[in-house]
Structures are given as C-alpha cells and as structure tokens.
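Ready for some practice? Open the viewer, grab a pencil, and try each exercise before you peek at its solution.

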Protein chains: 2
Amino acid sequence: MSFESMPYKDKKVISIGIVRELTGLSLRQIRYYEERKLIFPDRNEKGTRRFSFSDIEKLIEIANKREEGVQTQEIRKEMKKETKPIEKKMLKEMLRGQFNAHFKNNKLM
Amino acid sequence: MSFESMPYKDKKVISIGIVRELTGLSLRQIRYYEERKLIFPDRNEKGTRRFSFSDIEKLIEIANKREEGVQTQEIRKEMKKETKPIEKKMLKEMLRGQFNAHFKNNKLM
DNA sequence: CGTGTAAGGAATTCTGACACG
DNA sequence: CGTGTAAGGAATTCTGACACG
C-alpha cells in the first residue's frame with residue numbers, strides 16, 4: 001500500500017486546530033506563515049488545511065526564530081538552505097524508481 | 001520535548017473525517033468500532049475524537065476481518081492476544097523509568 | 001511586518017434514536 | 001449484529017478586511 005510506504009511524519013492529516021494545540025501558535029500565525037511560504041499544508045476538497053508532523057516541527061522552529069526577532073523573510077532563506085539536501089535525496093530516489101520501473105518493464109514483465 | 005520522544009505513529013491527532021478518507025470506512029462504522037472497544041481514540045476538551053496512525057492501521061485490519069464476516073466480538077478477542085506483548089513491553093519500560101527516576105533522585109540529584 | 005479581531009458562511013462532529021434484520 | 005440516516009446543536013475552518021504600527 002502507498003499508505004504504508006510513506007513515513008507518518010510527512011502525511012498531511014492534521015487540522016489547523018490541532019497544530020495550534022501542538023505548537024502554541026495562533027491560527028492567524030499559522031496561516032500567515034503559510035502565506036509567507038514557510039510551510040506548505042495540503043488542502044482537502046473543501047479547502048481546509050491538512051498539516052504533517054514535519055510541518056509542526058517546522059512551525060516550532062519558526063516560532064523559535066520569531067522569538068529571536070528573525071523576520072519571516074530571513075527564516076524562509078534559512079529554510080531553503082536546509083531543505084536543499086533533502087530535495088537532492090528525493091531526486092535521487094525518484095531517479096532510482098524510474099530506473100527500476102524501466103528495467104522491470106523491459107526485462108522482466 | 002515530550003513531543004519528540006513519542007513516535008508519530010501513536011500521537012492522537014487525526015480527526016474522524018480524515019480517518020474516514022484513509023480507511024474508506026463510514027463515520028458510523030468508525031464510531032461503532034470504538035463502541036465495541038476495538039479502538040480507543042482520545043477526546044479533546046470538547047469531545048471530538050482524535051485518532052493515531054496506529055488506530056488507522058487497526059481500523060484497516062478490522063475492515064478486512066469484517067469483510068471476511070468476522071464479528072466485532074471475535075476481532076476484539078484476536079486483538080487482545082496481539083496487544084498483550086506490547087503491554088508487557090510498555091510495563092517493562094515504565095518500570096525502568098521508575099527505577100531510573102528513583103536512582104536519580106537518591107544518588108545524583 | 002506580524003498579529004489580533006469581528007463577520008458571515010460553509011463544513012465537521014457529536015449524541016441519541018429509529019430502521020432493518 | 002452492524003450499519004444507514006435524519007435531527008439539532010455545538011465547534012471548526014475559511015476568506016477578506018480593518019486595525020495598529
């Protein structure tokens with residue numbers, strides 16, 4: 001199942017009210033950080049936001065930075081650097097997936 | 001943080017609507033399986049249910065058993081057997097925690 | 001810039017009950 | 001036994017806007 005293969009940490013299943021409880025941030029703050037492209041919750045069909053545990057961890061980091069007086073713009077820049085290696089890893093895995101699919105189709109199936 | 005120390009899998013943070021999406025079960029079915037003591041979602045202050053990924057996995061198992069015609073009573077019995085070892089493990093860890101706390105308080109603090 | 005708040009509407013969730021079987 | 005459904009109420013979430021600064 002695709003459900004099993006994805007780590008729970010990145011599944012977008014948490015509503016904004018719970019995120020508020022878990023982070024201590026206000027709804028306004030959470031929505032604003034999305035507006036500033038610091039987090040990227042999914043939306044369900046009717047438009048309500050769905051967050052992952054990763055989003056929550058990110059929000060906790062953001063809250064800490066904000067307490068230090070760092071502006072959202074700066075935080076976004078810092079986060080870009082940090083997520084780059086992850087993107088590279090993802091890309092690598094995607095390529096491997098493509099390769100495997102290709103191999104399967106031509107040699108085994 | 002206590003947040004970090006607990007695996008995401010067991011955090012009760014998912015609302016019943018998402019559980020329905022993820023399991024394909026109806027709200028009625030999910031609530032009924034709780035009534036029959038097959039799952040144990042938390043409740044927030046206002047009484048709305050909060051499920052964990054573990055609950056969702058359990059529900060998928062339950063759905064499979066039900067398709068085979070197994071009654072909820074039977075499913076509960078089967079699940080009791082399966083969760084016993086986990087309870088033992090938890091108990092062991094709790095005891096170790098108590099021991100460590102005791103040791104710390106008397107010898108180190 | 002970052003956050004609070006009141007506003008109105010839409011969608012969610014809850015419980016207890018009746019239905020069928 | 002297991003599930004559907006209509007009912008009424010309460011709580012959630014959404015957006016765009018005004019406020020302050």
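**Exercises on a predicted model**

Of the atoms of DNA strand D that lie within 4 Å of the protein, 76% are sugar or phosphate atoms, and the rest belong to bases. Keep in mind that this model is predicted.

**Exercise 1.** Find which residues are closest to DNA strand D, and look for side chains that reach its phosphate oxygens.

*Solution.*
Step 1: There are 19 residues around DNA strand D, and the closest are A:Arg49, B:Ser26, B:Tyr32, B:Arg36 and B:Thr72.
Step 2: Now check N or O atoms in the side chains. For A:Arg49, such an atom sits 2.6 Å from a phosphate oxygen of the strand. B:Tyr32 also has one at 2.6 Å from a phosphate oxygen, and for B:Ser26 the distance is 2.5 Å.

**Exercise 2.** Work out which helices help build the surface near DNA strand D, and what classes of residue it holds.

*Solution.*
Step 1: Helix H2 (16–23) and helix H3 (27–35) of chain A, plus helix H3 (27–35) of chain B, each give at least two residues.
Step 2: H3(B) has the largest share, with four residues.
Step 3: Sorted by class, you get three nonpolar, eight polar and eight charged residues.

**Exercise 3.** Figure out how chain B is laid on chain A.

*Solution.*
Step 1: Turn chain B by 180° with a shift of 0.0 Å along the axis, and the RMSD is 0.0 Å.
Step 2: The two copies are thus related as by a two-fold rotation axis.
Step 3: In chain B, the residue that comes closest to that axis is B:Ile14, with its C-alpha at 2.8 Å.
Step 4: The copies meet through the same surface, because 100% of chain B's interface residues are interface residues in chain A too.

Methods:
Residues numbered from 1 in each chain as written. Chains lettered and ligands numbered in written order. Predicted model: local features only at pLDDT ≥ 70, side-chain atom pairs only at ≥ 80, totals over all residues. Heavy atoms only, no water. Near = heavy atom within 4 Å. Polar contact = N/O pair within 3.5 Å; in protein donor to acceptor, adjacent residues only side chain to side chain. Nonpolar A, V, L, I, M, F, W, Y, C, P; charged D, E, K, R; others polar. Least-squares fit on C-alpha atoms with pLDDT ≥ 70 in both. Contact = heavy atoms within 4.5 Å.
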